[in-house]
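I opened the notebook with a short list of things to look up: the loops, the ligand site and the core. Here are my entries, in the order I made them.

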Amino acid sequence: MHQKAVIIGTGPAGLTAAIYLARASLSPLVIEGIQPGGQLTTTTEVDNFPGFPDGITGPELMDNMRKQALRFGANILSGRVTQVDLSKRPFTLFVEGGDEITADSVIISTGATAKKLGITGEIENIGKGVSTCATCDGFFFRNKKIIVVGGGDTAMEEAQFLTRFASEVRVVHRRAQLKASKIMQDHARSNPKIAWSLNQTPLEVTAGPNGVNGLKVLNNETGETELLEADGIFLAIGHQPNTAFLNGQLPTDEQGYLYVQPGTSQTAIPGVFACGDVQDRIYRQAITSAGSGCMAALDCERFLSEHDINE
Ligand code: NDP
């Protein structure tokens, strides 16, 4: 199957790019990925996306974007791109299940994935008490004890959210100082259901037959270890851009974010563009992501037209 433009990923960046390319009659193929709709599908209210004075839920916002892309003629394919060959044009994309797609241009909008601590007991207890998504799993911890690991805005936000369900939420952070913005820190600190274990490094997730029962931590001040009891452990320690399928064919910064030429969506390979969280280490908002998706579509459209690949 040959395509003029393929968009990989269906968060705000990918779907905005799809809306623009579809409206330019370029009938983009959008490959949905393992989390259709991206990270916003795991949030509740989105109050800062312009145009929704009363807020909108993340899943609803993404569903609207998807419908809008379909209305103008985008094609959406379920599946995950496992490998690409960007060494020559047309580029080749390999989709799980065997589909092989060639494309004159590619927009990468694969987003980022929650980071893990890399400690004993963590991975094996995902789904048994360890979670990376408070809005997805908080409900299961009604009247239970929860630990949120991290000191950034996400940790503050998730801790606040989880107090709706939990009997206690304890924030465990490896430093004495939080990284979160002052307003979000103040908000969390004024919540009586949130307890604090600062300057403590997580060492091990402990579990029994019924799942997670605690987090062993190292007190960085005293050098002592302690077992903090918890039924749920929510990781909120940042994200890793999803670029593994590129197998190093495009340059990234030291954290793995795709390099784009400043002020554009152009990657190091002409005809390959990147937008959204996969190339944004700073802003990472739905609206900046959507804005960068628009930029990628316009850059892509210009590229196709310069190469006489039109509707
Ligand atoms: P951040 O990178 O800001 O924070 C990650 C936190 O996790 C840091 O405190 C960091 O510790 C800690 N951490 C990282 N790796 C480890 C590890 N291996 N072990 C223990 N702790 C670790 O990520 P966030 O997801 O919090 O935020 C990302 C961006 O999104 C930020 O720009 C933030 O402002 C924004 N955001 C905004 C929101 C809003 O405005 N409503 C809500 C949520 C996020 P250390 O401090 O030691 O580096």
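Before I start on loops, a reminder to myself: strands here are DSSP runs of E with at least two residues, and they are numbered from the N terminus. I am also keeping in mind that this is a predicted model.

**Entry 1: backbone oddities.** With that numbering I placed Asn-199 in the loop between strand E13 (194–198) and strand E14 (200–208). I looked up its backbone angle too: phi of Asn-199 is near 60°, a positive value in a residue that is not glycine.

Asn-247 went on the list as well, with a positive phi of about 50° although it is not a glycine. I found Asn-247 in the loop between strand E18 (239–241) and strand E19 (272–274). Is Asn-247 buried or exposed? I read a relative accessible area of 65% for Asn-247, and exposed means over 50%, so I noted Asn-247 as exposed.

My last backbone stop was the peptide bond from Arg-89 to Pro-90, which is cis, with omega near -5°. Pro-90 sits in the loop between strand E6 (81–85) and strand E7 (91–95).

**Entry 2: the ligand site.** Which residues come nearest to the ligand? Of the 17 residues around the ligand, I wrote down Asp-153, Thr-154, Arg-174, Arg-175 and Lys-179. I sorted the shell by type and got five nonpolar, six polar and six charged residues. Helix H4 (residues 153–162) gives the most to this shell, with three residues.

Then I checked polar side-chain atoms against the ligand:

- Arg-174 has a polar side-chain atom 2.9 Å from an oxygen atom of the ligand.
- Lys-179 has a side-chain N or O atom 3.1 Å from an oxygen atom of the ligand.
- Glu-157 has a side-chain N or O atom 3.2 Å from a nitrogen atom of the ligand.

For cover, I noted that the ligand taken alone exposes 920 Å², and that the protein buries 75% of that.

**Entry 3: the cores.** I turned to the largest nonpolar core, which has 32 residues. Those with the most contacts inside it are Ile-7, Leu-21, Phe-49, Leu-61, Ile-107, Cys-300 and Leu-304. Strand E1 (2–8), helix H1 (12–23), helix H2 (58–71) and helix H6 (286–306) are the elements that give two or more residues to this core.

I followed up Phe-49: leaving aside neighbours within four places in sequence, Phe-49 is in contact with Leu-61, Met-65, Ala-286, Ile-287 and Ala-290. Apart from this core I found another, of 24 residues, among them Leu-77, Ile-269, Val-272 and Val-278.

Terms used
Residues numbered from 1 in each chain as written. Predicted model: local features only at pLDDT ≥ 70, side-chain atom pairs only at ≥ 80, totals over all residues. Heavy atoms only, no water. Core = buried A, V, L, I, M, F, W, Y, C linked by side-chain atoms within 4.5 Å. Buried < 20%, exposed > 50% of the residue type's maximum accessible area, 1.4 Å probe, protein only. Helix = DSSP H or I, 4+ residues; strand = E, 2+ residues; numbered from the N terminus. Contact = heavy atoms within 4.5 Å. Near = heavy atom within 4 Å. Polar contact = N/O pair within 3.5 Å; in protein donor to acceptor, adjacent residues only side chain to side chain. Areas by Shrake-Rupley, 256 points an atom, 1.4 Å probe, with all protein chains shown as cover. Nonpolar A, V, L, I, M, F, W, Y, C, P; charged D, E, K, R; others polar.
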